Amino acid sequence: MTEFSHRVEQVSISGIREVFEAAGEDAINLGLGQPDFPTPDHAREAAIEAIEAGEAGAYTSNKGTESLREAIAHRYDADQGLDVYPEHVVATAGGSEALHIALEAHVDPGQEVVFPDPGFVSYDALTRLAGGDPTPVPLREDLTMDPTTVEDAITEDTAAFVVNSPANPTGAVQSPDDIREFARIADEHDVLCLSDEVYEHIVFEGEHRSPLEFARTDNVVVVGACSKTYSMTGWRLGWVTGSNRRIERMLRVHQYGQACATAASQHAAEAALTGPQDAVDEMVAAFEERRDVLLDGLADIGLECPTPHGAFYAMPKVPAGFVDEVIDRGVIVVPGDAFGEHGEGYARISYAVDVETLKAALEIMGDAAEAVR
Ligand SMILES: Cc1ncc(COP(=O)(O)O)c(C=O)c1O
């Protein structure tokens, strides 16, 4: 009889989906991990033009088109002053595939991967699919990840640790000092730092910094994507960058698992990356305004919430029974323990909805909090 692999039996469908299924059809959805803005016109038009010109019907090079990888490299230079060479980039099917090929290429069965808890659900699942041992580490009170905690968790069997700033599900942004420390840990312990920077442009206070800037070895691999920055989640376009030898290994996984990222999406992404960036600025300003509305509302309800400095999530501490009560009353939020054991007692609220909707949801959350206290 055909059996299933041990690796696949180690993972289950994300708890987030269960929450969506439990909610009614006209519920207010504060559970979504995607911006509620349209993809910029110039990106959409570039894809349409490429399709009409017959330029999107064939495989591209496995790594992605030269011009897309140049556009990605250009953004690292323009935004962070980092030298990334186009040949050191692989365009992928979103940040998700980038994380997958990075872990497949670096983790052996039985090796550990250290990542934040609460943290993005894929770190645990992709580690298991690579045959590795997930090693979640708790966060500081402000929901940032302490480099000391990471360093303490590293053993001889550690293959990699994941840094995610700005972070899902917390909205936390690591300080430049923390980022420098992560780079030092990668260098000194000779472990891979997998830096998931898909929210790099959505920062309200402080600035986005990458461990790539500080590392003296090639032990940092960075994952990026158009998904959040340009509201392009459906286009499935991300990338991974690293040194020659690392890119060559990740490319082996990508080549056989994916061949290349979707050609039309590569055209759209190139236009998004090289075109005017005002849509990004406008979206970030809108998110910041909503973040403030949400924080004020949560404070009025009496829910303690570390101030998120980026992404579009907030993670307040909530009383027992709060999440179920809120969902019963027609607002979807995600229970914190969907993101790891240490997420228990928190809820993730995504504010990818307009201010009016957010205010209506806050009212319902206030009633729910009162009902369960
Ligand atoms: C932290 C983080 N990394 C990676 C991803 C994957 O993004 P993509 O849609 O580009 O695959 C997400 C999506 O929610 C995310 O939150």
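Helix 5 passes helix 10 in a right-handed crossing. Keep in mind that this is a predicted model. Helix 5 covers residues 94–106, and helix 10 covers residues 244–257. Their axes come within 8 Å and cross at roughly 115°.

Who makes that contact? From helix 5 we have Ile-101, Ala-102, Glu-104 and Ala-105. Helix 10 brings Arg-249, Met-250, Val-253 and His-254. By class, that is five nonpolar residues, one polar and two charged.

Next pair. Helix 12 is residues 278–301, and helix 14 is residues 355–372. Here the axes lie 10 Å apart, at an angle of about 20°. An angle under 35 degrees counts as roughly parallel, so helix 12 is roughly parallel to helix 14. The crossing of helix 12 past helix 14 is right-handed.

Now the residues. Helix 12 contributes Glu-289, Arg-290, Val-293, Leu-294, Gly-297 and Ile-301. They meet Val-355, Leu-358, Lys-359, Leu-362, Met-365, Gly-366 and Ala-369 of helix 14. The split in this contact is eight nonpolar, two polar and three charged.

Last item, a sheet. This one is open, with three strands in the order 9-12-11 and antiparallel pairing. Which strands stand at the edges? Strand 9, at 313–314, and strand 11, at 334–335. Each has a single partner strand, so one side of each has no neighbour in the sheet. Strand 12 is residues 347–350, and strand 11 pairs with it in the antiparallel sense over two bridges. To find that pairing on screen, go to Pro-335: its bridge partner in strand 12 is Ala-347.

Methods. Residues numbered from 1 in each chain as written. Predicted model: local features only at pLDDT ≥ 70, side-chain atom pairs only at ≥ 80, totals over all residues. Pairing = 2+ DSSP bridges. Helix = DSSP H or I, 4+ residues; strand = E, 2+ residues; numbered from the N terminus. Axes fitted to C-alpha atoms, helices over the stretch in contact; angles between N-to-C directions. Left-handed = near helix turned anticlockwise from the far one by under 90°. Contact = placed C-beta atoms within 7 Å. Nonpolar A, V, L, I, M, F, W, Y, C, P; charged D, E, K, R; others polar. Parallel < 35°, antiparallel > 145°, perpendicular 65-115°, else oblique.
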